[in-house]
Amino acid sequence: MMKPALLVLAAGMGSRYGSLKQMDGVGPANEAIIDYSVYDAVRAGFGRVVFVIRRSFAAEFEEVFNAARFGGRIEVEYVYQELDSLPEGFAVPEGRVKPWGTNHAVMMAAERIDVPFAVVNADDFYGAEAFRTMADCLRTLDGSRNKYCMVAYDLEKTLSENGTVSRGICTVDAAGNLAGMVERTRIERAADGRIVYRDGGVDEELAPATPVSMNLFGFTPDYFSYSAEYFRAFLSEHAADLGAECYIPSMVNRLIDRGTVEVRVLRSDAQWYGVTYKEDKPALVAALRRMIGEGRYPERLWG
């Protein structure tokens, strides 16, 4: 049976944490969120994990997150996202320091992945159910083209108690496919319990069960060729904008709008956890401790 691949977007870790050695562990044996994602992926039947990183911290990263760490239970590879990872005919604009975005990161794995694959953020905790749901879908897509999937979460289960968040609000059609995503910023739970985002100075309400994207997508390898075409167009239009980034939702919206692909929306009622704010960490640590007590994870993932 085909084993899907897992693509972990970790190229931004160096700038966020300063050094990987300073990256806070969240598990009782100092496991990072990445460890839990890989552990859940192994249990779901993924056969390989490909990390997208930067060469500036590659040696440090590869020393920590390698096949030996994961007990040899999954193949491990690395690809590198750099500012000069550009198609022929393009150069890094003077003054550009910002990365080219999440979809550019995905493109770095084009030569390494030839099976259906999932994309996740390195610093998001998605939960075992999400990986099982995604793996089951990807196995049905083996040999397919133009049929993708994503796991959507209930908005209320992705909020932070410590500040506002930005989320990709999903519209789902009658067939259960993604019709489009719209980025909403400054989302929070108001004092009266409503979930709102501020648009033009007015609080706009969002339903608690609104489906949102947390960057957990499932693609087949044809996605790489579409991305290469789109990225050239993106550079032609936006290269002079030193802050412009090429994001996965933008790419997916483009393909949907053109009628090129279908993206099946897989719903998860799991609680998502992240560390948008440093104050978010205790909630994740407590949740992991609770899940360990319930037998959902061992005390030591790789012990």
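Select R189 to begin, and display the residues around it: leaving out residues up to four places away in sequence, R189 touches E156, L159, R194 and I195. The model on the screen is a predicted one, and every stop on this tour should be read with that in mind. R189 is found in strand β8, which covers residues 178-189, and its relative accessible area of 42% makes it partly exposed. If you then add A130 to the selection, you will find a residue 59 positions away in sequence whose C-alpha lies 24 Å from that of R189.

While β8 is still highlighted, move to R186, which also has its place in this strand. Its phi is near 55°, a positive value in a residue other than glycine, and with a relative accessible area of 49% R186 is partly exposed.

For another residue with a backbone angle of this kind, select N215 in strand β11. N215 is not a glycine either, yet its phi is positive, at about 65°. Is N215 buried or exposed? At 10% relative accessibility, N215 counts as buried, since the cut-off for that class is under 20%.

**Helix α6**

From β11, which spans residues 211-219, go on to residues 222-238, which form helix α6. The helix has 17 residues and reaches 24 Å from its first C-alpha to its last, close to the 24 Å expected at 1.5 Å a residue. Colour its buried residues, which are D222, Y223, F224, Y226, S227, Y230, F231, F234 and L235. In an α-helix there are 3.6 residues a turn, so residues three or four places apart point the same way. To see what covers the buried residues of α6, show the elements that include α4 (102-107), β4 (117-121), β6 (147-154), β11 and α7 (248-257).

Within this helix, pick out F224, which is buried with a relative accessible area of 8%. Beyond the residues up to four places away in sequence, F224 touches V106, M107, A109, A110, I113 and F117. By contrast, the C-alpha of F65, a residue 159 positions from F224 along the chain, is separated from that of F224 by 25 Å.

**Helices α5 and α2**

Next select residues 128-140, helix α5. Its 13 residues should span 18 Å at 1.5 Å a residue, and the end C-alpha atoms are 19 Å apart, which agrees. The buried residues to colour here are A128, A130, F131, M134, A135, C137 and L138; A130 is the residue that was paired with R189 at the start of the tour. Among the elements that cover the buried residues of α5 are β1 (5-9), α2, β4, β6, β11 and β12 (262-268).

One of these covering elements, α2, is the next selection, at residues 33-44. How many of the 12 residues of α2 are buried? The number is 11, so the helix is largely enclosed by the rest of the structure. The buried residues are I33, I34, D35, Y36, S37, V38, Y39, D40, A41, V42 and A44. From its first C-alpha to its last, α2 reaches 17 Å, close to the 16 Å expected.

D40 deserves a selection of its own within α2, and at 2% relative accessibility it counts as buried. Not counting residues up to four places away in sequence, D40 touches G127, A128, F131 and Y297, and of these A128 and F131 are among the buried residues of α5.

Follow the chain out of α2 and you come to G45, whose phi is positive, near 105°. A little further on, G47 has its place in the loop between α2 and β2 (48-53). Although G47 and K3 are 44 residues apart in sequence, their C-alpha atoms are 5.0 Å apart in space. Leaving aside neighbours within four places in sequence, G47 is in contact with K3, P4, I74 and E75.

**The whole chain**

Finally, clear the selections and show the chain in full, with its eight helices and 13 strands. The C-alpha atoms fill a box of roughly 55 × 50 × 40 Å along the principal axes. For 303 residues a compact globule would have a radius of gyration near 19 Å, and the chain, at 19 Å, agrees. Of the residues, 52% count as buried, and residues 24 or more positions apart account for 75% of the contacts with a separation of 6 or more.

Conventions:
Residues are numbered from 1 along each chain as its sequence is written. This is a predicted model: local features need pLDDT of at least 70, side-chain atom pairs count only at pLDDT 80 or more; totals for chains, interfaces and linings use all residues. Side-chain values use heavy atoms; hydrogens and water are left out. Helices (H or I, at least four residues) and strands (E, at least two) are DSSP runs, numbered from the N terminus. The expected span of a helix is 1.5 Å times one less than its number of residues. Buried means under 20% relative accessible area, exposed over 50%, partly exposed in between (1.4 Å probe, protein chains only). Contact means heavy atoms within 4.5 Å. The radius of gyration is taken over C-alpha atoms; the globule rule is 2.2 Å times the number of residues to the power 0.38.
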